[in-house]
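Q: Please take a close look at one part of this model, namely the way its charged side chains pair, and then set that part in its surroundings.

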Amino acid sequence: MRIDHIAIWAADIERLKAFYTRYFHLACGDKYINPTKRFTSYFLSFGDGTTRIELMHTPGRYVKEQGCGMAGLAHFSISVGSKEAVDELTERLRNDGYAILSNPRTTGDGYYESTVADPEGNCIEISE
């Protein structure tokens with residue numbers, strides 16, 4: 001078994017698509033449009049194509065406030081391959097104005113990671 005994809009409701013689907021493709025180098029599939037339901041989505045794929053993020057949008061759909069909440073999905077983690085890559089991407093995101101929720105550090109359970117909020121407040125751990 002494996003996780004096939006994680007789905008994220010987006011207030012601005014194009015903005016989230018740009019964020020994930022720019023900073024995490026995800027490939028983007030064609031935009032799916034269901035005019036009857038007023039639903040649109042994109043599947044974004046990591047390099048091997050086996051794990052994906054689905055961005056979904058329906059006008060008027062409730063979107064949470066900025067920041068990590070205490071209910072539901074807490075975060076997801078994207079491995080960037082090394083401590084240096086964690087540091088570099090964290091600084092790039094900081095310089096581009098994104099909220100760094102925790103600076104790079106080694107956690108008590110041995111992970112080297114930082115945490116950033118995407119443009120809609122979803123928490124992403126950036127790990128080695």
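**Charge pairing and its surroundings**

A: K31 counts as partly exposed, because its relative accessibility is 36%; on this scale, buried means under 20% relative accessible area, exposed means over 50%, and partly exposed lies in between, with a 1.4 Å probe and protein chains only. The model is a predicted one, in which local features need pLDDT of at least 70 and side-chain atom pairs count only at pLDDT 80 or more, while totals for chains, interfaces and linings use all residues. Residues are numbered from 1 along each chain as its sequence is written, and side-chain values use heavy atoms, with hydrogens and water left out.

The side chain of K31 meets that of E14 in a salt bridge, at 2.9 Å from N to O, where a salt bridge requires a side-chain nitrogen of Lys or Arg within 4 Å of a carboxyl oxygen of Asp or Glu. This pair links distant parts of the chain, since K31 sits in the loop between strand 2 (27–28) and strand 3 (32–34), whereas E14 belongs to helix 1, 17 residues apart. Helices and strands here are DSSP runs numbered from the N terminus, with H or I over at least four residues for a helix and E over at least two for a strand. E14, with a relative accessible area of 33%, is therefore classed as partly exposed. As background, side chains of opposite charge can pair when their charged atoms come close.

The count by this rule comes to six salt bridges. Another of them joins R22 and D96, whose side chains meet at 3.5 Å, N to O. R22 lies in helix 1 and D96 in the loop between helix 2 and strand 7 (100–106), so this contact ties together parts of the chain that are 74 residues apart in sequence. R22 is partly exposed because its relative accessibility is 45%, and D96 is partly exposed at a relative accessible area of 36%.

A further pair is that of E113 and R105, with the closest N and O atoms 3.4 Å apart. Here the partners fall into separate exposure classes: E113 counts as buried, because its relative accessibility is 6%, while R105 is partly exposed with a relative accessible area of 31%. Salt bridges that share partners also join E14, K17 and K31 into one network.

Not every charge considered here is paired in this way. E84, D87, E88 and E128 form a negative surface patch, a patch being made of residues with over 30% relative accessible area and no salt bridge, in which like charges are joined within 9 Å and nonpolar side chains (Val, Leu, Ile, Met, Phe, Trp, Tyr) within 5 Å. For the sign, Lys and Arg count as positive and Asp and Glu as negative, with His and the chain ends not counted; each charge is placed at NZ of Lys, CZ of Arg, CG of Asp or CD of Glu. Within this patch, E84 belongs to helix 2 (residues 83–95), and E84 is classed as exposed because its relative accessibility is 51%. A85, also in helix 2, counts as buried because its relative accessibility is 19%, and the C-alpha atoms of A85 and S127, 42 residues apart in sequence, are 8.7 Å apart in space.

Helix 1, which holds E14 and R22, also contributes to the nonpolar interior. The largest nonpolar core has 22 residues, and Y20, F24, I53 and I124 have the most contacts inside it; such a core is a set of buried Ala, Val, Leu, Ile, Met, Phe, Trp, Tyr and Cys residues joined through side-chain atoms within 4.5 Å. Two or more residues come from each of helix 1 (13–24), strand 4 (39–45), strand 5 (52–57), strand 6 (76–79), helix 2, strand 8 (112–117) and strand 9 (123–127). Helix 1 gives the most, with six residues.

Two loop residues complete the picture. H25 lies in the loop between helix 1 and strand 2 and has a positive phi of about 55 degrees although it is not a glycine; H25 is exposed because its relative accessible area is 62%. R38, in the loop between strand 3 and strand 4, has a phi near 60 degrees, again a positive value in a residue other than glycine, and R38 is exposed because its relative accessible area is 53%.

Definitions and conventions:
Areas by Shrake-Rupley, 256 points an atom, 1.4 Å probe, with all protein chains shown as cover.
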